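The following paragraphs lead the reader through one protein structure, from a single residue outward to the sheets and helices. Please keep the sequence and the model in view while reading.

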Amino acid sequence: MGQVSLRILYCFTSSYIEPFFSLQKAGADVTWRLTLSPEDKSLAIYANGSGKFKSLYKASLIFERLRWGKFGKYFTLILRYLLKPFGGSLPSWQKNGGNLLVDIPEGLTFLGFKMLASMDYASQKQFDWLVLTNLSSYPVCPEIREFLAGLEPSVDLYAGKRLPSDVNRGISGSFVILSSATIKRILMNKHSWDHSALDDIALMKLTKQLNIDPTFLPSVTLTQVTSSEEVVHQVNKGTLHYKCGPFLKNNVRQDYLLMRILFKLLNA
């Protein structure tokens with residue numbers, strides 16, 4: 001298998017709603033972005049609160065609360081029915097500097113549209129690989145690049161951090177790697193995306209339908225760690241991703257502090 005170009009796009013979910021807004025203002029993404037290769041790009045994915053889904057926003061908030069209750073499965077089915085007319089289309093998006101602004105409201109119901117918009121952008125700009133992550137994560141960019149160097153983007157790849165539940169045998173939304181081939185297949189079958197499920201669960205369901213098996217990659221979860229001495233023994237060569245939270249201090253998310261510790265250890 002020959003050497004291929006490695007144009008990697010990193011997209012991380014952000015929001016003007018807490019806690020992500022505070023984490024981004026604190027620079028949670030700055031440290032790992034310093035390790036990007038010149039060929040790589042990164043984008044923060046925001047909802048701009050507009051678009052044809054706006055009318056469903058209040059209803060979606062109600063259903064989000066109800067579907068976790070005693071009769072949640074019924075409300076999930078209703079939400080799936082309400083969102084079905086929108087399942088075959090992608091939301092509009094606009095690139096503004098280092099941000100991708102998606103024409104959707106904010107909320108868990110619309111997370112899948114953020115993921116799909118990221119794929120659409122990566123496909124249009126002809127990136128070889130898409131890495132999806134969040135502001136509580138430290139993707140180890142040099143290790144990811146080394147891992148992808150021996151792979152071909154024209155072959156399916158759905159890889160990343162394993163979901164914690166054995167029921168959901170898929171990849172966590174905190175760290176997902178998709179090849180350009182897999183992105184193309186997902187976008188061709190976007191009408192089958194289940195928008196009543198969270199983004200990573202919906203992705204798991206669709207890849208299963210497409211017979212794309214998950215590849216689980218090395219990831220370490222760190223929480224409530226306050227010093228480099230406590231982290232150093234958990235840093236391993238070949239780890240591609242560290243989940244840095246939720247790290248709480250005085251009930252405020254401090255995930256970025258762990259990311260700064262990791263940056264110093266990994267780049268010493």
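Does Gly112 count as buried or exposed? At 3% relative accessibility, Gly112 counts as buried, a term for residues under 20% relative accessible area, whereas exposed means over 50% and partly exposed in between (1.4 Å probe, protein chains only). This is a predicted model, in which local features need pLDDT of at least 70 and side-chain atom pairs count only at pLDDT 80 or more, while totals for chains, interfaces and linings use all residues. Residues are numbered from 1 along each chain as its sequence is written, and side-chain values use heavy atoms, with hydrogens and water left out.

Gly112 has its place in helix 5; helices (H or I, at least four residues) and strands (E, at least two) are DSSP runs, numbered from the N terminus. Leaving aside residues up to four places away in sequence, Gly112 touches Trp193, His195 and Asp199, where contact means heavy atoms within 4.5 Å. The C-alpha atoms of Gly112 and Leu203 are separated by 8.2 Å, although these residues are 91 apart along the chain.

Leu203 leads to the packing of two helices. Helix 5 and helix 8 (residues 199-209) pack at an angle of about 60°, and their axes are 8 Å apart. Axes here are lines fitted to C-alpha atoms, for helices over the stretch in contact, and angles run from 0 to 180 degrees between N-to-C directions. Helix 5 and helix 8 are therefore oblique to each other, since angles under 35 degrees count as roughly parallel, over 145 as roughly antiparallel, 65 to 115 as roughly perpendicular and the rest as oblique. Helix 5 contributes Leu111, Gly112, Met115 and Met119 to the contact, and helix 8 contributes Asp199, Asp200 and Leu203. These residues divide into four nonpolar, one polar and two charged; Ala, Val, Leu, Ile, Met, Phe, Trp, Tyr, Cys and Pro count as nonpolar, Asp, Glu, Lys and Arg as charged, and the others, Gly among them, as polar.

The next element to consider is a sheet. An open sheet of eight strands follows the order 3-4-2-1-5-8-7-9, with mixed pairing; two strands pair if DSSP finds at least two bridges between them. Its edge strands, each pairing on one side only, are strand 3 (93-96) and strand 9 (214-216). On average, neighbouring strands of this sheet are turned by 25° against each other, direction ignored. Helix 5 (residues 111-124) packs on the sheet and touches strand 1 (8-13), strand 2 (41-47), strand 3, strand 4, strand 5 (129-134) and strand 8 (171-179); its direction makes about 160° with that of strand 1. Helix 6 (residues 141-148) also packs on the sheet, touching strand 1, strand 5 and strand 8, and its direction makes about 135° with that of strand 1. At one side of the sheet, strand 3 and strand 4 (residues 99-102) pair in the antiparallel sense over four bridges, with Val102 in strand 4 as the bridge partner of Trp93.

A further open sheet has three strands in the order 6-11-10, with mixed pairing. Strand 6 (137-139) and strand 10 (219-222) are its edge strands, and its neighbouring strands are turned by 15° against each other on average, direction ignored. Strand 6 and strand 11 (residues 241-244) run antiparallel and are joined by three bridges; Tyr138 stands opposite Tyr242. Strand 10 and strand 11 pair in the parallel sense over four bridges, and Leu222 stands opposite Cys244.

In a regular strand the side chains alternate between the two faces of the sheet. Both faces of strand 11 are covered: His241 and Lys243 on one side, and Tyr242 and Cys244 on the other, are all buried. Helix 10 (residues 255-266) lies across strand 6, strand 10 and strand 11, running at about 150° to strand 11. Buried residues in helix 10 include Tyr256, Leu258 and Ile261.

Some backbone details remain. The peptide bond from Glu18 to Pro19 is cis, with omega near 5°, and Pro19 lies in the loop between strand 1 and helix 1 (20-25). The bond from Gly245 to Pro246 is likewise cis, with omega near 5°. Asn250 has a positive phi of about 55° although it is not a glycine, and at 70% relative accessibility Asn250 counts as exposed.
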